Amino acid sequence: IRQSGLRVESFKFNPAMLSMFALCVRGDDPVADNEGPDVERQFAAFKTYAEAIGNAFMTAKTRYAYGASAAFPVLMYHLGLDASLLEAVIDDAPQLRGTTFHGRTVIAPEHVVKGTALVTAPQSFAAIYAKASKTMRVMSAVPIL
């Protein structure tokens, strides 16, 4: 940001969506590290957070994404994952069944026998978990927020 001649006015890290937003303005007066928002520290924490989730997900033998949401490509990018690593995308919407989402087939939750699902609509984790625990044999779930 500074190399582009901008300075950070404010920023917001949203761990639920693995996203970080910054309001930047042009200015020759970059904010000193101890005066303005500590973007570098927050971004480093964000990258560590994303890496830990990605590493944990990679230990699973069979992987799914749960939720064909707009957050899917953002999460995959920040977690360093490729959609080809997924068995399928699970979604509750009947109209999506059999379609593809980022190259993976969309299936109903009840078609999953065993595997690990990354909730790619994390803002809806509670609703997804409630439904999944009724339709799938959920062993455990941890909201990574």
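Trainee: Which residue in strand 4 stands opposite Y66?

Mentor: This is a predicted model, and its strand 3, made up of residues 63-66, runs parallel to strand 4, to which three bridges join it. On its other flank, strand 3 is joined by four bridges to strand 7, again in the parallel sense, and there the bridge partner of Y66 is V119. In strand 4, the residue that stands opposite Y66 is I90.

Trainee: Following that residue onward, what stands opposite I90 in strand 6?

Mentor: Strand 4, residues 88-90, is joined by two bridges to strand 6, residues 104-107, and the two run parallel. I90 therefore appears in two pairings, since it stands opposite Y66 of strand 3 and, in strand 6, opposite a residue whose name completes the row: I107.

Trainee: In what order do the five strands of the open sheet lie, and which strands stand at the edges?

Mentor: The parallel pairings of strand 3 with strand 7, of strand 3 with strand 4 and of strand 4 with strand 6 are accompanied by an antiparallel pairing of strand 5, residues 100-101, with strand 6. The pairing of the open sheet is accordingly mixed, and its order is 5-6-4-3-7. Each of the two edge strands has a single partner strand, so one side of each is left without a neighbour in the sheet, and these edge strands are strand 5 and strand 7.

Trainee: In the antiparallel part, which residue of strand 6 stands opposite F101?

Mentor: Strand 5 and strand 6 pair over two bridges in the antiparallel sense. In one of the facing pairs T100 stands opposite T105, while F101 stands opposite R104.

Trainee: Which residue in the turn of that hairpin has a positive phi, and what is the value of the angle?

Mentor: The hairpin of strand 5 and strand 6 leaves two residues between the strands, and the residue in question lies in this loop. With a relative accessibility of 45%, it counts as partly exposed, because that class covers what falls between 20% and 50%. It has its positive phi although it is not a glycine; the residue is H102, and its phi is about 55 degrees.

Trainee: Are the two faces of strand 3 covered or open, and which residues show this?

Mentor: In a regular strand the side chains alternate between the two faces of the sheet, so burial has to be checked on each face separately. In strand 3, R63 and A65 lie on one side, Y64 and Y66 lie on the other, and all are buried, which makes both faces covered.

Trainee: Where do the buried residues of helix 2 lie around its axis, and how wide is the arc?

Mentor: Helix 2 spans residues 71-79, and the buried residues in it are A71, F72, L75, M76 and L79. They are on the same side of helix 2, because the arc they cover around the axis is only 130 degrees.

Trainee: Which element gives the most residues to the largest nonpolar core, and how many does it give?

Mentor: That core has 16 residues, of which F72, L79, L81, L86 and L118 touch the most other members. Two or more residues come from helix 1, residues 39-58, and likewise from helix 2. The element that gives the most is helix 2, with five residues.

Trainee: How many residues belong to the second, separate core?

Mentor: The contacts of F72, leaving aside residues up to four places away in sequence, include A65, L86, V89 and F101. The second core is separate from the largest one, and Y64, A88, I128 and A132 are among its members, whose number is twelve.

Trainee: How far apart are K131 and D92 in space, C-alpha to C-alpha?

Mentor: K131 has its place in helix 3, residues 125-135, and its relative accessible area of 38% makes it partly exposed. K131 and D92 are 39 residues apart in sequence, yet their C-alpha separation in space is 8.7 Å.

Trainee: Where in the chain is confidence lowest, and where is it highest?

Mentor: The mean pLDDT of the chain is 76, and 78% of its residues reach 70 or more. Where pLDDT is low, the predicted coordinates should not be read in detail. The lowest confidence is in strand 2, residues 19-26, at a mean of 72, and the highest is in strand 6, at 92.

How values were computed: Residues numbered from 1 in each chain as written. Predicted model: local features only at pLDDT ≥ 70, side-chain atom pairs only at ≥ 80, totals over all residues. Heavy atoms only, no water. Pairing = 2+ DSSP bridges. Buried < 20%, exposed > 50% of the residue type's maximum accessible area, 1.4 Å probe, protein only. Core = buried A, V, L, I, M, F, W, Y, C linked by side-chain atoms within 4.5 Å. Contact = heavy atoms within 4.5 Å. Arc of directions from axis to C-beta. pLDDT = per-residue confidence, 0-100.
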